[in-house]
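Student: I should like to work through the burial, strand pairing, cores and pockets of a protein model. May we take these topics in turn?

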Amino acid sequence: MTGETVLAPLVGIIMGSRSDWETMRHAAETLDRLGVPHETRVVSAHRTPDRLVSYAKGAAGRGLKVIIAGAGGAAHLPGMAASMTALPVLGVPVESHALKGMDSLLSIVQMPGGIPVATLAIGKPGAINAGLLAAAILALSDAALAARLDAWRAAQTNAVPDAPA
């Protein structure tokens, strides 16, 4: 026991397969940098549908405030999760081999009216932005997190050089 306080996760990061972790780890790393407690799970809409139902329906009751769902190919995970929870769901299209993630992007972004999924960019940029967007949602009611997010953005701005060389 180290004496550290372990905070309950506020963000759930789910993905359709273990291979999606290479993309989705960037969402987790972004949340880590901002001090946002989160959890990660493999939850396949097609191979583990009962796990998906249990996860999505129980998320709010376990204290989660936002779900980030990454999926490739047919990419049903974000939409199916959104259909079972009122929590905000942020969809990250994972790049596929066949269509370079365009199939995933179109599957996630084309949700029917009434089942919203905020859809981010394909791959690593989308995962990073999903982490930032989840933090921004949480920062609406957390002044300390809002300050950390402001500091992160300021550091990003300050890292841009004035000249190319």
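Student: How many of the residues of β3 are buried?

Tutor: This is a predicted model, in which local features need pLDDT of at least 70, side-chain atom pairs count only at pLDDT 80 or more, and totals for chains, interfaces and linings use all residues. Residues are numbered from 1 along each chain as its sequence is written, and side-chain values use heavy atoms, with hydrogens and water left out. Strands are DSSP runs of E of at least two residues, and helices are runs of H or I of at least four, numbered from the N terminus. With buried meaning under 20% relative accessible area for a 1.4 Å probe on protein chains only, β3 is mostly covered, and the buried residues number six of its six.

Student: Which residues of β3 point the opposite way from V66, I68 and G70?

Tutor: In a regular strand, side chains alternate between the two faces of the sheet. Both sets in β3 are buried, and those facing away from V66, I68 and G70 are I67, A69 and A71.

Student: Which residue of β4 stands opposite G70?

Tutor: Strands count as paired if DSSP finds at least two bridges between them. β3 runs parallel to β4, with five bridges joining them, and it also pairs with β1 in the parallel sense over five bridges. On the β1 side, M15 stands opposite G70; in β4, the residue opposite G70 is V92.

Student: Which element gives the largest share of the largest nonpolar core?

Tutor: A nonpolar core is a set of buried Ala, Val, Leu, Ile, Met, Phe, Trp, Tyr and Cys residues joined through side-chain atoms within 4.5 Å. The largest has 24 residues, of which V11, I13, V36 and I68 touch the most other members. At least two residues each come from β1 (11-15), α1 (21-33), β3 (66-71), β4 (89-93), α5 (124-139) and α6 (143-158). The largest share, seven residues, comes from α5.

Student: What is the volume of the largest pocket?

Tutor: On a 1 Å grid over the protein atoms alone, a pocket is an open set of points where a 1.4 Å probe fits, with protein on both sides within 12 Å along at least five of seven lines; lining residues have an atom within 4 Å of a point. The lining includes S19, D20, H97 and K124. Grid points are joined across faces, edges and corners, and volume is the space filled by probe spheres set on the points. For the largest pocket, this volume is about 200 Å³.

Methods
Buried < 20%, exposed > 50% of the residue type's maximum accessible area, 1.4 Å probe, protein only.
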